[in-house]
Amino acid sequence: MFFLNETRIDPAEGQGKLRALYRDAHAHRYALHLQDTGDVLRHILFLRDANAGVFPIHPDIPAQKAREMARAAGCDTIVTAEGVTYLDIAPDSQPRGGVLVQMSSGTTGAPKVITRTWQQISVEVASYAASFKQAQAMTPVIACPVTHSYGLIAGVLVALHRGHTPVIIDTINPKFILRRLREVTRPLLYTSPAMLHTLALLLPKGENLHAAMTSGTVLSEPWFDSIRASTTHLFQQYGCSETGCIAINPDLRQAADIGYALPHLTVCAGTGVESPVAITVHVDGSVIETGDLGFAKADGMLVFVARQDDVIDVAGLNVYPQDVEQAALAQPGVSDAVAFGIDDPLAGGRVALLVAGPQADPATLRQQLQTQLAPYQQPTLIQHVATLPRQANGKINRRHIARSLKGEVDA
């Protein structure tokens, strides 16, 4: 049972039609390109119970692109509001059923097709629910796509596993989200960092969000301060497409503290702030490279340092973008900042910095950073912009910014 916006929905309704539609479901891999969120969840839950292969595609994806994605994901069938279409795909020896298929975000390269078995999902859900005890008495309110693992697994499937009746919101209207939160007892909001930031700004003085989960990126300092001050219980989860949720922070006080590892995983990281290493996850006999650098505190708390691809090599010395950004954000007039690498014929790389804020003057900031950063960390280029190009989940694609900046310079 779940609510979609304000309507209570029983997934058991319409089971007869689904059984007729999905015959021999366990042998097939279905791409779901449905516009109605309630239908999406009904179909996913039915196909999960039938041990079928399922690839949920966001409804905003154009129809032709959805078909291309379905074929790339090895789906033999695509289901839309118009009906079922069988796809011509090359035969292979791999079973099509029994898996949840998702695409990686593509923020660190080309999107990849990720397949995980429903059994692996079940283990993750049980581990998540058992370790995240702080949410046991809270009602999940999921204001993010259920076609993504964050909304579907951490939000919907964990809620159903616990016997909760989740509230799914499929509008991006922040005023509607706030109204529904006020109507729910002890709500725990799953949404994007950008939406959390917007809600924090909209809340009337003296009113807080009861509880919220953030995921997808480490919050920038201005966003973190705003959200933390407006939320009674603030949580953070960390994960990757190949493993799902890796860690949960049950009381987020420092933005880079990404959480304690879930008990079904073995996570390896560095041993201290001076020795971050690549974070790897060991599960089911495999080693998953997250692409992140980090370390574990003495109590097991994982701390994010940087994306490996974002580390700037300046004459053989590593510069972590977050160190430069935090130094910039500590200066008066700077409301947001992003550091990234640019090519340098002598040093191999140099630091560049974009800053936002009504009084963020590059010349003044350069002078202020002289005492805050080591010489090799000093930005060669500082540029003021109206707003930083953050994605909906709050992420910044540093390599894309560097390429765009190079294009402007070359022009």
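In which helix is Q120 found? In this predicted model, Q120 belongs to helix 4, which runs over residues 118–131, and the legends below go from the whole chain to single residues.

**Figure 1. Overall fold of the predicted model, with its helices and strands.** The protein is built from eleven helices and 24 strands. Its radius of gyration is 22 Å, close to the 22 Å that the globule rule gives for 411 residues, so the protein is as compact as a globular protein of that length. The C-alpha trace spans about 70 × 55 × 45 Å along the principal axes. Of the contacts with a separation of 6 or more, 57% are accounted for by residues 24 or more positions apart.

**Figure 2. Surface and charge of the protein.** The accessible surface comes to about 19,000 Å², and carbon and sulfur atoms hold 52% of that area. Buried residues make up 50% of the 411 residues in the chain. There are 33 positive and 38 negative side chains, and the centres of these two sets lie 5 Å apart.

**Figure 3. Close-up of helix 8 and the elements that cover its buried residues.** Helix 8 covers residues 221–229, and its buried residues are W223, F224, S226, I227 and R228. The cover over these buried residues includes helix 7, at residues 193–202, and strand 13, at residues 231–240.

**Figure 4. Close-up of the aromatic cluster formed by Y22, Y30 and F46.** These three residues, Y22, Y30 and F46, form one aromatic cluster. For the protein, the count of aromatic pairs comes to five, with ring centres within 6.5 Å as the criterion for a pair.

**Figure 5. Close-up of two loop residues, D24 and A315, with positive phi.** D24 is not a glycine, and yet its phi is positive, at about 55°. The residue sits in the loop that connects helix 1 (15–21) with strand 3 (29–33). Because its relative accessibility is 55%, and exposed means over 50%, D24 counts as exposed. A315, which is likewise not a glycine, has a positive phi of about 55°, and its place is the loop between strand 20 (312–314) and strand 21 (317–319). With a relative accessibility of 58%, A315 also counts as exposed.

**Figure 6. Close-up of D60 and H33.** D60 is located in the loop between strand 4 (53–56) and helix 3 (63–72), where its relative accessibility of 65% makes it count as exposed. Although 27 residues separate D60 from H33 in sequence, their C-alpha atoms are 9.1 Å apart in space.

**Figure 7. Close-up of T165 and the residues that it touches.** T165 lies in the loop that follows helix 5 (149–162) and comes before strand 10 (167–168). With a relative accessible area of 25%, T165 is partly exposed. Leaving aside residues up to four places away in sequence, T165 touches M1, F2, F3, R8 and T139. T165 and I9 are 156 residues apart in sequence, while the distance between them, C-alpha to C-alpha, is 9.8 Å.

**Figure 8. Close-up of Q15 and R42.** Q15 is found in helix 1, and at 24% relative accessibility it counts as partly exposed. Between Q15 and R42 there is a sequence separation of 27 residues, and a C-alpha to C-alpha distance of 8.8 Å.

**Figure 9. Q120 in helix 4, shown together with Y376.** Q120 has a relative accessible area of 28% and is therefore partly exposed. Along the chain, Q120 and Y376 are 256 residues apart, and their C-alpha atoms are separated by 45 Å.

Methods: Residues numbered from 1 in each chain as written. Predicted model: local features only at pLDDT ≥ 70, side-chain atom pairs only at ≥ 80, totals over all residues. Heavy atoms only, no water. Helix = DSSP H or I, 4+ residues; strand = E, 2+ residues; numbered from the N terminus. Rg over C-alpha atoms; globule rule 2.2 N^0.38 Å. Buried < 20%, exposed > 50% of the residue type's maximum accessible area, 1.4 Å probe, protein only. Contact = heavy atoms within 4.5 Å. Areas by Shrake-Rupley, 256 points an atom, 1.4 Å probe, with all protein chains shown as cover. Lys, Arg positive; Asp, Glu negative; His and termini not counted. Charge placed at Lys NZ, Arg CZ, Asp CG, Glu CD. Phe/Tyr/Trp six-rings, centres within 6.5 Å; stacked < 30°, edge-to-face > 60°.
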